[in-house]
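Reader: Please take one part of this model and go through it closely. I would like the cavity first, and then the sheet and the cores.

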Amino acid sequence: MKSTIISSLVLSGLLLACGPGDTQQSEENQETQSLTAMDKSKFEKTIDGKPVKLYRLTNKNGMEMTVTNFGARVVELFAPDRNGNFEDVVLGYDNLEDYINHPGSYYGAPIGRYGNRIADAEFTLDGETYELEANNGPNNLHGWPGGYHIVVWDVIEATDQKLAMKYVSADGHGGFPGELTIYMNYFLTDENEFKITYEATTNKPTIVNLTHHSFFNLNGHGEGDVRNHMLELNADKFTPVNEVLIPLGELRPVEGTPMDFTSAHLIGERIDADYEQLQKGGGYDHNWVINREEGNRDTKLVATVWVPENGRKMEVFTDQPGVQVYTGNFMDGTSPSKGDKTYGKRGAICLETQHYPDSPNQPQFPSVTLRPGETYAHECVYKFSVTE
């Protein structure tokens, strides 16, 4: 475990040992205080003629994040607990090859062109039916193949606190119509926010539903499961699903069910309850309908998760209509991991801000259609703090 207290003492000793003329040495010593355990050389490669590397973001409070532009994946994200101890709270891999060889993990990645499931791997837009690849039973999941988690993003700006990226998805990519141009920014702010902004435009009518798929464990990655995490959601309804996790089309009240997180509950408290929706998902793997007035797109607090034992807390803000909560129900401990940890069942929680699953086939849901001349926009913020 890495501690800000230890880091501060070590850094103070180094600075005292340096004379006024030892500025360069002092800067080099401060650089050694980096929390990252990654070997940058293991992330350097040319793929499809584009350079891939590892980028590091920091803020004034000691938080740190590393990102590879292969799939724009967050590799590490260090957040403090109530005692000032920093831990890496996202799942991932130690090297680029594992990200390439295990594309279905989705660790730390943006998802597109359509996040979540599309029923029977097809949809109709303006009278034309588009067939996709079925990669999740009969359904298409996360825009497969060629999803945005396994392509090289162009880095157009890289600073200590911002990574700006661009990707152009060709017409027909993954079966989706229209050339889609996406600008996505990652920020690590001095308010301890990991902030994501998306903008996208198209040259043909298409569907768009981008989201972010970091797997969070506020105990620290690989440190047990997330049953001990408290969860609260600003959502009075959710979208119940059928046996292959496609929404039934209704917005069902959570009241009186294990899906009710309008007040905080431990994730492990009811996850194994005798409730048909939990049995279908193997746990929580559902879209909650965020409480907001129709047409309101303000960025607002939608979810809060924290660990009572260590005080580490994360709030999620978005301007989207839904949030998919996934509790690592299909993780089995066999995937590679950072630091030879074990990522077992329910070893993480994902909070994916988004439109509802299967929206292209369910016209009663908010529209995901994007037309030429329009701009898709999406903001998601993961804000870290501590509880008493």
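Author: The model is predicted. Within the largest cavity, strand 23 (residues 285-289) supplies the largest share of the lining, with three residues. The full lining consists of N116, R117, T239, V241, L245, D285, H286, N287, Q324 and P357. Sorted by class, five of the lining residues are polar, three are nonpolar and two are charged. The volume of this largest cavity is about 30 Å³, and the count of cavities of 30 Å³ or more comes to one. As to the method in general, a probe the size of a water molecule is rolled over the atoms, and this shows where empty space is left.

Next comes the sheet. Nine strands form an open sheet with antiparallel pairing, in the order 13-14-15-16-29-25-24-19-22. Strand 13 (154-158) and strand 22 (265-266) each have a single partner strand and stand at the edges, so one side of each has no neighbour in the sheet.

Starting from the edge at strand 13, the pairing can be followed strand by strand. A hairpin of three residues connects strand 13 to strand 14. These two strands, 13 and 14, are antiparallel and share four bridges. In this pairing A158 lies opposite L163 of strand 14. Strand 14 (residues 162-169) is also joined to strand 15 (residues 180-188), by eight bridges and again in the antiparallel sense. Here L163 faces Y186 of strand 15, while K162 is placed opposite F187 of strand 15. L163 therefore appears in both pairings, opposite A158 of strand 13 and opposite Y186 of strand 15, with pairing defined by at least two bridges between strands.

Y186 leads on to the nonpolar cores. The largest of these has 63 residues, and Y186 is listed with W288, L351, Y382 and F384 as having the most contacts inside it. Strand 15 is the element that gives the most to this core, contributing five residues. Another core lies apart from it and has 23 residues, including F43, V52, L96 and F215.

Strand 15 thus links two parts of this description, because a strand is a DSSP run with one number throughout: strand 15 pairs with strand 14 through eight bridges, and strand 15 gives five residues to the largest nonpolar core.

Note on methods
Residues numbered from 1 in each chain as written. Predicted model: local features only at pLDDT ≥ 70, side-chain atom pairs only at ≥ 80, totals over all residues. Heavy atoms only, no water. 1 Å grid on protein atoms, 1.4 Å probe; cavity = no way out; pocket = protein on both sides within 12 Å on 5 of 7 lines; lining within 4 Å. Points joined across faces, edges and corners; volume = space filled by probe spheres on them. Nonpolar A, V, L, I, M, F, W, Y, C, P; charged D, E, K, R; others polar. Core = buried A, V, L, I, M, F, W, Y, C linked by side-chain atoms within 4.5 Å. Buried < 20%, exposed > 50% of the residue type's maximum accessible area, 1.4 Å probe, protein only.
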